[in-house]
Amino acid sequence: FSGSHQDAIKKGMAARKPGDAWEVPYLPVDPEDLGRGYDSIVRVNSQSGKGGVAYLMETAHGLVMPRRLQVEFSGAVQRRADEKGGEISAPELWDLFGDEYLKLKKPVLYAGHHLIERSKKEQGITLTVRLDKKTYGLSGKGNGPIDAAVNALGLPVTLHSYEERGISQGADAKAAAFVEMSMEGVKGMTFGVGVHENIVTASILAVVSAVNRLLTMAPREVRAAMLESIKED
């Protein structure tokens with residue numbers, strides 16, 4: 001459960017190659033040599049840190065999170081562990097991740113998009129969203145789908161980082177997109193995450209996820225002004 005131990009175990013397991021001598025920190029014996037698996041070498045409770053959370057998200061769910069997202073999400077895990085008490089299982093961890101990043105439908109609900117190739121250097125988009133049970137078609141353009149989606153929303157946001165990774169293989173493969181964004185009038189930055197079979201759709205879902213998180217963090221008057229600006233567009 002210890003955060004510092006978990007981080008060392010995660011790094012040791014990542015560095016180990018098949019056939020290497022067993023030299024994983026804090027684990028004197030390879031569990032497989034005793035007929036056991038690796039499921040329980042890292043477990044999460046209120047003592048755990050980002051390393052343990054990241055390890056379980058990767059091994060149990062195939063999701064490799066950017067480091068700063070590990071830090072951000074581990075804060076949410078810590079709060080849940082403090083509220084609940086006891087251990088947080090891998091399925092509970094995924095449910096919490098979904099609540100924090102993937103299932104956000106307010107105040108902006110993504111309803112669809114259509115890409116328009118304007119030129120080799122410019123991408124257009126029609127982004128359909130729902131606000132207060134009303135549907136709005138927003139148009140924007142940029143140097144790619146993400147830039148176009150951000151411009152379509154018309155909010156004073158800044159994209160600081162973008163990463164994409166696969167989270168499964170074969171016919172059921174999905175892509176995960178991660179964006180880190182900030183917004184005028186809102187302190188700090190936050191991540192948005194999108195998961196979809198199509199990487200472009202995952203990226204746009206990540207943008208909407210980050211925007212929803214930022215709007216939730218914004219003071220009430222700032223949030224109201226931002227939402228009105230989307231409706232006016």
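**Note on the predicted model**

1. About 200 Å³ of space lies in the largest pocket, and this value, like the others in this note, belongs to a predicted model. The lining of the largest pocket is made up of 14 residues, of which L102, K103, L104, Y110 and L205 are the closest to its centre. Four elements, namely α4, β1, β6 (189–196) and α6, each contribute at least two residues to the lining of the largest pocket. Sorted by class, that lining holds ten nonpolar residues, together with two polar and two charged ones.

2. The sheet deserves a point of its own. Three strands make up an open sheet, in which the order is β1-β2-β3 and the pairing is antiparallel. Because β1 and β3 stand at the edges and each has a single partner strand, one side of each is left without a neighbour in the sheet. On average, and with direction ignored, neighbouring strands of this sheet are turned by 15° against each other. Between the antiparallel strands β1 and β2 there are nine bridges, and H114 has T126, in β2, as its bridge partner.

3. Two helices pack on this sheet. Helix α5 touches β1, β2 and β3, and its direction makes about 130° with that of β3. Helix α6, for its part, touches β1 and β2, with a direction that makes about 125° with that of β1. Helix α6 also appears in the first point, since α6 supplies at least two residues of the lining of the largest pocket.

4. Helix α5 can be described further through its buried side. Within this helix, which covers residues 145–153, the buried residues are I146, A148, A149, V150, A152 and L153. These buried residues pack against the strands β2 (122–131), β3 (134–142), β4 (157–166) and β5 (175–183), and also against the helices α6 (199–217) and α7 (220–232). After α5 comes G154, a residue with a positive phi, near 70°.

5. The loop between β2 and β3 calls for a look at its backbone angles. D132 is located in this loop and, although it is not a glycine, has a positive phi of about 50°. K133 is likewise placed in the loop between β2 and β3, and its phi, near 70°, is again a positive value in a residue other than glycine. As to the surroundings of these two residues, D132 counts as exposed because its relative accessibility is 61%, where the cut-off for exposed is over 50%. K133 also counts as exposed, in this case at 76% relative accessibility.

6. A further backbone feature to check is the peptide bond from K106 to P107, which is cis, with omega near 0°. P107 has its place in the loop between α4 (90–102) and β1 (109–119), and both α4 and β1 are among the elements that each supply at least two residues of the lining of the largest pocket.

7. The last point concerns D33, which is found in the loop between α1 (3–15) and α2 (50–61). D33 counts as exposed, at 61% relative accessibility. From C-alpha to C-alpha, D33 and L227 are 58 Å apart in space, and in sequence they are 194 residues apart.

Technical notes:
Residues numbered from 1 in each chain as written. Predicted model: local features only at pLDDT ≥ 70, side-chain atom pairs only at ≥ 80, totals over all residues. Heavy atoms only, no water. Buried < 20%, exposed > 50% of the residue type's maximum accessible area, 1.4 Å probe, protein only. Contact = heavy atoms within 4.5 Å. Pairing = 2+ DSSP bridges. Axes fitted to C-alpha atoms, helices over the stretch in contact; angles between N-to-C directions. 1 Å grid on protein atoms, 1.4 Å probe; cavity = no way out; pocket = protein on both sides within 12 Å on 5 of 7 lines; lining within 4 Å. Points joined across faces, edges and corners; volume = space filled by probe spheres on them. Nonpolar A, V, L, I, M, F, W, Y, C, P; charged D, E, K, R; others polar.
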